[in-house]
Every structure is written in structure tokens, then in C-alpha cells.
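Dear colleague,

As agreed, I am handing over the structure for your files. Please open it alongside this message and read the notes below at your convenience.

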Amino acid sequence: MAPSSANEKLLKSSTLYREFLAERAEIVAHKWVLSEKAGTDVGFEAALTDWMVKHRSEWRKRRLVARQNT
């Protein structure tokens, strides 16, 4: 079942959804870097775990500062 246009507008205007998309993009980019280094696809879950342990905290701090400065 496709979402209605009102639901789509609500979703796209949601700060939480935009943060989710931004975080997901970071994880996908991190997956690419890890996979290039390993010479094989490391998989999303491995990249997610590695990114959360090594990078998420600082990334979120930078996002918060950027939001406060806008």
C-alpha cells in the first residue's frame, strides 16, 4: 500500500526521518570505505556496527552543532 501524499509530506518534513536518512547515508559511505579496504563487500551490518562504535557519537555532536547554528 503506497503512502498518501499527505503522509509523504509529513514524512519528508520530519526531522527524525531526515536524521535517519543522513545517518544511513553516512553508514553506506562507511560501508564503501571498509569494503574498499577489505577488497570485498563487508556488508551493511558490519559497517553499521563499526560506524556506531567508532564514529556515531562525534557525528551526532557535529549534527547538533550544525542544527543549532542554523
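The notes below go from the chain as a whole to individual residues.

Please bear in mind throughout that this is a predicted model.

**The chain as a whole**

The chain contains four helices and zero strands, so that its elements, read from the N terminus, run α-α-α-α. Its C-alpha atoms fill a box of roughly 45 × 35 × 15 Å along the principal axes. The radius of gyration is 15 Å, whereas a compact globule of 70 residues would have a value near 11 Å.

Of the 70 residues, 14% are buried. The chain exposes about 5,700 Å², and carbon and sulfur atoms supply 59% of that area. Among the contacts with a separation of 6 or more, 41% join residues that are 24 or more positions apart. As for charge, the chain carries 13 positive and 9 negative charges, and the mean positions of the two sets are 6 Å apart.

**The tryptophan pair**

Two aromatic pairs are present in the structure. One of them is formed by Trp-51 and Trp-59, whose ring centres are 5.5 Å apart; because their planes stand at 65°, the pair is edge-to-face. The cut-off behind this label is an angle over 60 degrees. Trp-51 has a relative accessibility of 3% and therefore counts as buried. Trp-59 is buried as well, with a relative accessible area of 6%.

**Residues of helix H2**

Glu-23 lies in helix H2. Is this residue buried or exposed? Glu-23 counts as buried, because its relative accessibility is 13% and the limit for a buried residue is under 20%. Leaving aside residues up to four places away in sequence, Glu-23 touches both members of the tryptophan pair, Trp-51 and Trp-59, together with Arg-56 and Arg-60.

His-30 also belongs to helix H2, which spans residues 15-38. With a relative accessibility of 12%, His-30 counts as buried. Which residues does His-30 touch, not counting those up to four places away in sequence? They are Ala-47, Asp-50, Trp-51 and His-55. Trp-51 is thus a contact of His-30 and a contact of Glu-23.

Trp-32, in contrast to the two residues just described, is exposed. This tryptophan sits in helix H2, and its relative accessible area is 56%, which means that it passes the limit of over 50% for an exposed residue. Trp-32 and Ala-47 are 15 residues apart along the chain, and their C-alpha atoms are separated by 8.5 Å.

**The loop after helix H2**

Asp-41 is placed in the loop between H2 and helix H3, the latter covering residues 44-54. At 52% relative accessibility, Asp-41 counts as exposed. Setting aside residues up to four places away in sequence, Asp-41 touches Lys-31 and Ser-35. How far apart in space are Asp-41 and His-55, C-alpha to C-alpha? The distance is 20 Å, for a sequence separation of 14 residues. His-55 is one of the residues that His-30 touches.

**In brief**

The principal points are the chain of four helices, the buried Glu-23 and its contacts with Trp-51 and Trp-59, and the exposed positions of Trp-32 and Asp-41.

Yours faithfully,

A colleague

Key
Residues numbered from 1 in each chain as written. Predicted model: local features only at pLDDT ≥ 70, side-chain atom pairs only at ≥ 80, totals over all residues. Heavy atoms only, no water. Helix = DSSP H or I, 4+ residues; strand = E, 2+ residues; numbered from the N terminus. Buried < 20%, exposed > 50% of the residue type's maximum accessible area, 1.4 Å probe, protein only. Contact = heavy atoms within 4.5 Å. Rg over C-alpha atoms; globule rule 2.2 N^0.38 Å. Areas by Shrake-Rupley, 256 points an atom, 1.4 Å probe, with all protein chains shown as cover. Lys, Arg positive; Asp, Glu negative; His and termini not counted. Charge placed at Lys NZ, Arg CZ, Asp CG, Glu CD. Phe/Tyr/Trp six-rings, centres within 6.5 Å; stacked < 30°, edge-to-face > 60°.
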